[in-house]
Amino acid sequence: MSAKIIDGNAVARHVRGEWKKRVETLKAQGVTPGLAVIIVGDNPASRVYVRNKVRACAEVGLHSETHEFPATAAEQSIATRIAELNQNPKIHGILVQLPLPGHLETRRLLGMISIEKDVDGFHLYNVGGLVVGENNIFPPCTPYGVQRLLEYEKIPIEGQNVVVVGASNVVGKPMALMLMAKDATVSICHIKTRDLAQYTILADILIVAAGCPGLITAPMVKRGAVVIDVGINRLPDGTLAGDVDFEGVRAKASFITPVPGGVGPMTVTMLICNTVAAAERNAARNVEKAPVPA
């Protein structure tokens with residue numbers, strides 16, 4: 001048995017094609033979805049991520065802006081820019097590229113983004129919406145991308161045993177909530193979980209986002225499981241690797257995502273989807289507010 005490799009690049013192209021049609025519909029109404037990205041400092045990885053996001057915006061037809069600040073920027077100057085973007089009608093989504101320099105309070109700055117423009121899904125309103133099962137929210141982009149991969153491959157979620165390895169606020173926790181909303185039975189583990197294999201071996205769907213290269217090996221995976229590797233780690237030789245021993249686990253799984261080329265392209269794609277959805281919602285609100293002719 002050898003797992004089917006889920007091509008995240010191919011799925012991302014498919015999804016972007018679907019949403020590009022929605023962008024064209026909005027443009028016909030005089031609305032161009034707009035995304036503003038705030039980046040602080042010169043983190044090389046962050047700059048690569050921002051370039052990818054800007055390129056994806058151009059591909060789908062979105063307007064994008066990059067607002068750069070030095071690593072020593074005062075928190076108030078960034079807060080002021082967020083407030084300005086909140087009021088800018090051309091901007092429908094605002095993203096603060098993480099991580100931020102240590103002197104900045106990440107939670108405070110993210111909390112300043114208007115909930116109508118929080119396309120990264122990190123505002124407490126959107127996080128709380130996941131807990132109570134609210135549909136009209138912006139899901140965090142990485143777990144949203146994983147969910148879309150599962151849907152694209154027609155992998156059933158309802159009633160499945162799902163194990164999420166990694167309990168971060170960005171991936172692990174929201175991923176678990178999103179799959180619970182689809183009636184999966186979800187267990188959350190992390191790198192400090194004792195006897196991790198006793199949990200992972202029971203998973204019909206195993207999602208790994210622990211940031212630990214090679215954490216999951218073949219003996220830890222049930223034969224026929226679906227394995228989604230969210231981890232991305234740079235090894236000493238400069239190559240990228242996931243949290244899963246790809247070659248070993250591939251021999252036992254039914255589906256598996258590679259690193260790179262698996263979840264990564266979907267994260268950027270779902271950011272685009274959230275931004276277009278924000279523009280659609282804003283356009284609908286404007287129609288509702290329009291005066292009725294006498």
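In this predicted model, the charged end of Arg22 is placed over the ring of Trp19, at 3.8 Å from the centre of that ring. A second arrangement of this kind involves Arg281, which lies over the face of Phe138 at 4.3 Å from the ring centre. Pairs formed between two aromatic rings were also sought, and the count of such pairs comes to zero.

Trp19 also takes part in the packing of helices. Two packed helices are described by the angle between their axes and by the distance between those axes. Helix α1 (residues 8-28) packs with helix α2 (residues 44-60) at an angle of about 60 degrees, the axes being 9 Å apart, and α1 and α2 are therefore oblique to each other. In this contact, Arg16, Trp19, Lys20 and Val23 of α1 meet Ala56, Glu59 and Val60 of α2. The residues of the contact of α1 with α2 comprise four that are nonpolar and three that are charged, with no polar residue among them.

Another helix contact is found between helix α6 (residues 141-152) and helix α7 (residues 172-180), whose axes come within 9 Å and cross at roughly 40 degrees. Because of this crossing angle, α6 is oblique to α7, and the crossing by which α6 passes α7 is right-handed. On the side of α6, the residues in contact are Pro143, Tyr144, Val146, Gln147 and Leu150, and these meet Pro174, Met175, Met178 and Leu179 in α7. Of the residues in the contact of α6 with α7, eight are nonpolar and one is polar, while no charged residue is included.

Key. Residues numbered from 1 in each chain as written. Predicted model: local features only at pLDDT ≥ 70, side-chain atom pairs only at ≥ 80, totals over all residues. Heavy atoms only, no water. Phe/Tyr/Trp six-rings, centres within 6.5 Å; stacked < 30°, edge-to-face > 60°. Lys NZ or Arg CZ within 6 Å of the ring centre and 35° of its normal. Axes fitted to C-alpha atoms, helices over the stretch in contact; angles between N-to-C directions. Helix = DSSP H or I, 4+ residues; strand = E, 2+ residues; numbered from the N terminus. Parallel < 35°, antiparallel > 145°, perpendicular 65-115°, else oblique. Left-handed = near helix turned anticlockwise from the far one by under 90°. Contact = heavy atoms within 4.5 Å. Nonpolar A, V, L, I, M, F, W, Y, C, P; charged D, E, K, R; others polar.
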